[in-house]
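Biologist: Got a minute to walk me through this one? I'd like to go through it piece by piece.

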Amino acid sequence: APAAPPPAARTAPVPAPPAPAPPLARKAEPLLRSDDVDALLSKTLSNLELGRTKPGVARPPAPPPPAERLAPEPLRREATVREEPAPPERRRSAGRVVVRLLLIAGLGAGAWYGWQWWQARQAPAADPTAPAYQPAPPPSTLLRPDEPDTGAPAPPPAPVSTARSDPRAPVGVAELIARHAAAVAQSRAQLASEMETVGFPQVFGVNSFASPLGARAARRRIASAANVIGQYHRRAVLLDQAYGDTAVFQTTRAGWSEPDRRAWETRPVLREPFAAADLAESLLADADSVLAILGNAAEFELRSDTIAFPDPARAAAYAAQRKRLLERSGPPIEDFDRRPTLFLVRRSLDPARLPVVAP
């Protein structure tokens, strides 16, 4: 007999599909008539107008109007102003402490200064040997210590008049000539002092021929000396005019006689002659030309009393200018009172001090 198949090989029965559900029976609804529709519509409208709903149904809360719900609440002006809180008690306490400290410091400083003043007043009485302020002795005891001190107060010094003399006051011709001579002498002394101040005597010194830089410095001294000489000549002109006006006034108002007038007009002339002043200015120009050759040179060498130039043309120019200065200088000037500017220029710009060109 044939063998039975194994249980696993058996096929499971296929379930049958479910039977379709019977269709639901719908209850036939009668169609609404036009009268019923009108009645229903009227009832709905009336309910909406009266705000009523069907019985048994809760009325939902009405939403707020859109304008009221969406419009932001306007800000009040008072809300933007923030009130400052009142200062705390500790701040008031700190202020009181500061005021008290200031008062205490002021009282302490006043007490200290008062104590110092009291000590200064009591020091001489407490210790007679202690040094204290003493007034300066009168000038008479300083100038004449050998005279005995009689205890009498020194006489007051005689007042010294610093006011200028009145040119309209009557004055003799001899006195006016002496005043004019003294003013001119003072002007000459001022000239000599100013020439020393600008360093004019060192124009032909060793430093002026040591380098181009020294030669340029010497040229600046010459320019300063020319300015000083010009001021001296202007002062001389002003002095002559001032004293001449005084002489005219004395003749017409103060009663000068004709001999007095002739004595004034024939007085010795104190102004420097024009030829001497012109020669002094020419010597200044020649010395400046010599120093300009040295100051513009690239290099040169000073050897004792000779000077050497690498450039032959510059050496020839220096030699020619030195010869010109030597010829124009002439002999030394001795009369300072008669020719002050020429005396000072010739003494400082001595051509013999110029080094010669090395062969």
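Biologist: Let's start with the sheet: in what order do the strands sit, and is it open or closed?

Modeller: The order is β1-β2-β3, three strands in an open sheet with mixed pairing. Strands here are DSSP E runs of at least two residues, helices are H or I runs of at least four, and both are numbered from the N terminus. Two strands count as paired if DSSP finds at least two bridges between them. Before we go on, this is a predicted model: local features need pLDDT of at least 70, side-chain atom pairs count only at pLDDT 80 or more, and totals for chains, interfaces and linings use all residues. Residues are numbered from 1 along each chain as its sequence is written, and side-chain values use heavy atoms, with hydrogens and water left out.

Biologist: OK, which strands are at the edges?

Modeller: β1 (301-303) and β3 (356-357), each pairing on one side only.

Biologist: And how do β2 and β3 run, parallel or antiparallel?

Modeller: Parallel, with two bridges joining β2 (residues 306-308) to β3. If you want a spot to look at, T306 in the sheet faces V356 of β3.

Biologist: What else is in the chain, helix-wise?

Modeller: There are 11 helices alongside the three strands. Going from the N terminus, the elements read α-α-α-α-α-α-α-α-α-β-β-α-α-β.

Biologist: How much of the chain is buried?

Modeller: 21% of its 359 residues. Buried means under 20% relative accessible area, exposed means over 50%, and partly exposed is in between, using a 1.4 Å probe and protein chains only.

Biologist: Now confidence. What's the average pLDDT?

Modeller: The chain averages 75, and 62% of the residues score at least 70. That score is the predictor's confidence in each residue, from 0 to 100.

Biologist: Which elements are lowest and highest?

Modeller: Helix α5 (residues 139-143) has the lowest mean, 43, while α6 has the highest, 93. Around α5, pLDDT is below 50 over residues 138-146, and that stretch has three contacts in the model beyond near neighbours in sequence. A contact is a pair with heavy atoms within 4.5 Å. Residues 67-71 also stay under 50, with two contacts beyond four places in sequence.

Biologist: Why be careful there?

Modeller: Where pLDDT is low, the predicted coordinates should not be read in detail.

Biologist: Fair. So back to α6: what does H180 touch?

Modeller: H180 lies in that helix and touches L239, D240, Y243, W264, R267 and L270, leaving out residues up to four places away in sequence. H180 counts as buried because its relative accessible area is 3%. Its C-alpha is 9.4 Å from that of A242, and the two are 62 residues apart in sequence.

Biologist: And R188, buried or exposed?

Modeller: R188 is another α6 residue, and it counts as buried because its relative accessibility is 10%. With the same cut of four places in sequence, R188 touches Y232, L270, F336, D337 and P340.

Biologist: What about A185?

Modeller: Also in α6, but A185 is partly exposed, at 34% relative accessible area. A185 and D337 are 152 residues apart in sequence, yet 7.8 Å apart C-alpha to C-alpha.

Biologist: Switching again: how many cavities are there of 30 Å³ or more?

Modeller: One, from a search of the whole structure. A cavity is a set of points on a 1 Å grid over the protein atoms alone where a 1.4 Å probe fits but cannot get out, and lining residues have an atom within 4 Å of a point. The largest cavity holds about 40 Å³, where volume is the space filled by probe spheres set on the points, joined across faces, edges and corners.

Biologist: Which residues line it?

Modeller: V184, S187, Y232, A236, L239, D240, L270 and R271 line the largest cavity. The largest share, four residues, comes from α7.

Conventions: 1 Å grid on protein atoms, 1.4 Å probe; cavity = no way out; pocket = protein on both sides within 12 Å on 5 of 7 lines; lining within 4 Å.
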